[in-house]
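Colleague: I should like to request a close look at a single part of this model, with its surroundings described in full.

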Amino acid sequence: MQINISTRHGNLSEAAQTKITEKVEKLGRFIERVSKIDITVDLEKADQPAISLVVTTELKKEFKADYSSDNLYGCLDQVIDKLENQMRKFKEKLTDHGKK
């Protein structure tokens, strides 16, 4: 799994990048074939950072989520939660096979 972290309008410390990497690596437990995760942290507004997260799978499916908050790690938790919900619903569709 390839993880790319990019920032706009500022820089993240090594500790912040490591923590972000550790948290997003857990997204692989929902869908096994995650090929790439792109994280963009926008620090234009210092008091309200925004995070955009794109997860690409080998199934040619992309999951995207954005969130803005007053706390960087709280923002990260919210965007990961959004993506987990999207991935969970997608996996349910795959395993359900249209049964009602």
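Against which elements do the buried residues of α1 pack?

Modeller: In this predicted model, the buried residues of α1 pack against β1, β2, β3 and α2. The residues concerned are A16, I20 and V24. They cover an arc of only 60 degrees around the axis and therefore lie on the same side of α1. In general, an α-helix has 3.6 residues a turn, so residues three or four places apart point the same way. The face of α1 turned away from this buried side carries the exposed residues E14 and A15. As for its length, α1 comprises 12 residues and reaches 16 Å from its first C-alpha to its last, close to the 16 Å expected at 1.5 Å a residue.

The sheet beside the helix is open and consists of four strands in the order β1-β2-β3-β4, with mixed pairing. Since β1 (2-8) and β4 (62-68) stand at the edges with a single partner strand each, one side of each is left without a neighbour in the sheet. On average, neighbouring strands of this sheet are turned by 10 degrees against each other, direction ignored. Strands β2 (residues 34-42) and β3 (residues 50-57) run antiparallel and are joined by eight bridges; I39 stands opposite L53 in β3.

Helix α1 (residues 14-25) packs on this sheet, touching β1, β2 and β3, and its direction makes about 135 degrees with that of β1. Helix α2 (residues 72-96) also packs on the sheet, touching β2, β3 and β4, and its direction makes about 150 degrees with that of β4.

Notes. Residues numbered from 1 in each chain as written. Predicted model: local features only at pLDDT ≥ 70, side-chain atom pairs only at ≥ 80, totals over all residues. Heavy atoms only, no water. Pairing = 2+ DSSP bridges. Helix = DSSP H or I, 4+ residues; strand = E, 2+ residues; numbered from the N terminus. Axes fitted to C-alpha atoms, helices over the stretch in contact; angles between N-to-C directions. Contact = heavy atoms within 4.5 Å. Expected span 1.5 Å × (residues − 1). Buried < 20%, exposed > 50% of the residue type's maximum accessible area, 1.4 Å probe, protein only. Arc of directions from axis to C-beta.
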